[in-house]
Amino acid sequence: MARSKSSQRWLSEHFSDPYVKKSQQEGYRSRAVYKLKEIQTKDRLIRAGDKVIDLGAAPGGWSQYVAEIVGEKGKIVASDILPIDPLAFVEFIQGDFREESVLDEILQVLGSDQVDLVISDMAPNVSGMEAVDQPRAIHLCELALDLACKVLRPGGHFLVKMFQGEGSEQFLKEVRTHFKDVKIRKPSASRPRSREVYVLAQRFVV
């Protein structure tokens, strides 16, 4: 079956993408790692020994990078609908985060531990219809925030992918009620035409 023009364009962009090439050269699982790397360089979110939750983790690039920083004294709990190959220092839970059972499993793995950082690169499967896709995307942000408020230690941090559009301003208002500092980051590795940004919320207030 012939590929559509849009899929041909995506493939062409993907294989000529400097971040794709760089991730292959440096042994990272995805180009998305450079979004987190840039934010880490600027904002120093992750520290050695941190306990981190990574939502929407597949194929594992973010967890892979976080593990390099937190080391063996740290703890990473990662989750995604899709499987990932095992990573050192990462406990992986496969399942749909929108389901209560997956949340319960994450909380069970954490036990009584409070978390230093929750990161989420989750995005819905897109239908191409903004009226459907945007509410789904904001709903994932809200679920990630809800988890962050359950597990973060006082002063902890939260980083979540958000698509700007209907519902995004209301979501930001909600984030600001829980964190002292809230910023928007658009890393260089985010494609310019994408409405994707990252909400960086620091210093969680219990």
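**Exercise 1. Which residue is the bridge partner of Lys-183 in S7?**

Before the solution, a word on the model. This is a predicted model, in which local features need pLDDT of at least 70, side-chain atom pairs count only at pLDDT 80 or more, and totals for chains, interfaces and linings use all residues. Residues are numbered from 1 along each chain as its sequence is written, and side-chain values use heavy atoms, with hydrogens and water left out.

*Solution.*
- Step 1: Find the elements. Helices (H or I, at least four residues) and strands (E, at least two) are DSSP runs, numbered from the N terminus.
- Step 2: Look at the pair S6 and S7. The two strands run antiparallel and are joined by 6 bridges; strands pair if DSSP finds at least two bridges between them.
- Step 3: Read off the partner. Lys-183 is bridged to Leu-200 in S7.

**Exercise 2. Place the strands in their sheet and find its edges.**

*Solution.*
- Step 1: Write the order. An open sheet of 7 strands runs S3-S2-S1-S4-S5-S7-S6, with mixed pairing.
- Step 2: Find the edges. Strand S3 (90-94) and strand S6 (179-185) each have a single partner strand, so one side of each is left without a neighbour in the sheet.
- Step 3: Check the twist. On average, neighbouring strands of this sheet are turned by 15° against each other, direction ignored. Axes are lines fitted to C-alpha atoms, for helices over the stretch in contact, and angles run from 0 to 180 degrees between N-to-C directions.
- Step 4: Add a helix. H4 packs on the sheet and touches S1, strand S2 (75-80), S3, S4, S5 and S7, its direction making about 175° with that of S2. Contact means heavy atoms within 4.5 Å.

**Exercise 3. Describe how helix H6 meets helix H7.**

*Solution.*
- Step 1: Take the axes. Those of H6 (residues 130-151) and H7 (residues 168-176) come within 10 Å and cross at roughly 5°.
- Step 2: Name the arrangement. H6 is therefore roughly parallel to H7 (under 35 degrees is roughly parallel, over 145 roughly antiparallel, 65 to 115 roughly perpendicular, and the rest oblique).
- Step 3: List the residues. H6 brings Ile-138, Cys-141, Glu-142 and Leu-145, while H7 brings Ser-168, Phe-171, Glu-174 and Val-175.

**Exercise 4. Explore the largest nonpolar core and one buried residue.**

*Solution.*
- Step 1: Fix the terms. A nonpolar core is a set of buried Ala, Val, Leu, Ile, Met, Phe, Trp, Tyr and Cys residues joined through side-chain atoms within 4.5 Å. Buried means under 20% relative accessible area, exposed over 50%, and partly exposed in between (1.4 Å probe, protein chains only).
- Step 2: Find the hubs. Among the 32 residues of the largest core, Ile-53, Leu-55, Ile-106, Val-118, Phe-158 and Phe-171 touch the most other members.
- Step 3: Find the main supplier. H6 gives the most to this core, with 8 residues.
- Step 4: Turn to Ala-201, which lies in strand S7. Its relative accessible area is 0%, so Ala-201 is buried. Beyond four places in sequence, the contacts of Ala-201 include Phe-158 and Val-175.

**Exercise 5. Spot the unusual backbone geometry.**

*Solution.*
- Step 1: Recall the background. Most residues other than glycine have a negative phi, and most peptide bonds are trans.
- Step 2: Check the peptide bonds. The one from Ala-58 to Pro-59 is cis, with omega near 5°.
- Step 3: Check phi. Arg-44 has a positive phi near 50°, and Arg-203 one of about 65°.
- Step 4: Compare accessibility. Arg-44 is exposed at 58%, whereas Arg-203 is partly exposed at 41%.
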